[in-house]
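Me: Could you take a close look at one part of this model for me? I'd like one connected walk through a helix and whatever packs against it.

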Amino acid sequence: MKRVWLRGVTIGICAVCLMFGTNAYAASKFGIIDMGKVFNALEKTKNSDKVLEQEGQKKETERNAMIDEIKRLQDEMELMSEKGKEEKQAVIEEKRRKLATYERDAREELLRKRDVMAREIIEEIRLAVKQYAEQNDYAFIIEKGALVYGVDQADVSDKIATDLNAKYKSGKK
């Protein structure tokens with residue numbers, strides 16, 4: 001009996017909270033953001049991608065030099081005696097192992113740098129969304145991917161990207 005009464009009181013309190021809570025936000029605005037669109041539209045993202053691309057090209061140049069060295073050693077090996085070939089083959093195998101390690105490490109390093117850069121930019125976007133929502137009286141700004149339906153007028157992605165690009169160009173974080 002007490003349990004039934006307690007449940008009834010709890011449900012009643014929840015209903016009252018929902019009614020008043022809903023009314024408090026009834027006049028508030030709701031927005032939608034496409035985080036991927038904002039991320040890709042930012043100058044900071046584009047500049048970071050260029051830096052990573054340049055690092056990738058440097059690593060590719062170093063990789064190509066290692067491959068050329070292996071090819072040179074293979075060419076030399078063809079002109080050698082059997083004993084010399086065995087020794088040269090051991091050197092070539094060691095160079096191939098170093099090449100494989102270098103390729104793996106370079107790939108992991110670039111991915112790690114990209115991940116750090118992406119996290120930093122995403123955090124900046126989240127902060128900008130929060131500031132934008134507070135300044136413009138938004139109750140919610142929801143990620144577009146989690147939304148089943150939304151009108152285009154509620155999309156604040158372009159506004160957020162414009163604000164962040166302006167801050168980036170002016171040297172602010």
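Reply: Here's a run through helix 4 and its contact with helix 5. Keep in mind that this is a predicted model.

Start with helix 4 on its own, which covers residues 82–135. At 1.5 Å a residue, its 54 residues should span 80 Å, and the C-alpha atoms at its ends sit 79 Å apart, so the two values agree. Just after the helix comes Asp137, with a positive phi near 60°.

Within helix 4 there's a salt bridge to look at: Arg97 pairs with Glu94, and their closest N and O atoms are 2.9 Å apart. Those two residues are three apart in the helix, which means about one helical turn separates them. As background, side chains of opposite charge can pair when their charged atoms come close. Counting nitrogen–oxygen pairs within 4 Å, the model comes to 17 salt bridges.

Now for the partner. Helix 5 takes in residues 157–169, and helix 4 packs with helix 5 at an angle of about 115°, the axes being 10 Å apart. Angles of 65 to 115 degrees count as roughly perpendicular, so that's the label for this pair. As for handedness, helix 4 passes helix 5 in a right-handed crossing.

Who actually touches whom? On the helix 4 side you've got Glu124, Ile125, Ala128, Val129, Gln131 and Tyr132, and they meet Lys159, Ile160, Asp163, Leu164 and Lys167 of helix 5. Sorted by character, the residues of this contact come out as six nonpolar, one polar and four charged.

Conventions
Residues numbered from 1 in each chain as written. Predicted model: local features only at pLDDT ≥ 70, side-chain atom pairs only at ≥ 80, totals over all residues. Heavy atoms only, no water. Axes fitted to C-alpha atoms, helices over the stretch in contact; angles between N-to-C directions. Helix = DSSP H or I, 4+ residues; strand = E, 2+ residues; numbered from the N terminus. Parallel < 35°, antiparallel > 145°, perpendicular 65-115°, else oblique. Left-handed = near helix turned anticlockwise from the far one by under 90°. Contact = heavy atoms within 4.5 Å. Nonpolar A, V, L, I, M, F, W, Y, C, P; charged D, E, K, R; others polar. Expected span 1.5 Å × (residues − 1). Salt bridge = Lys/Arg side-chain N within 4 Å of Asp/Glu carboxyl O.
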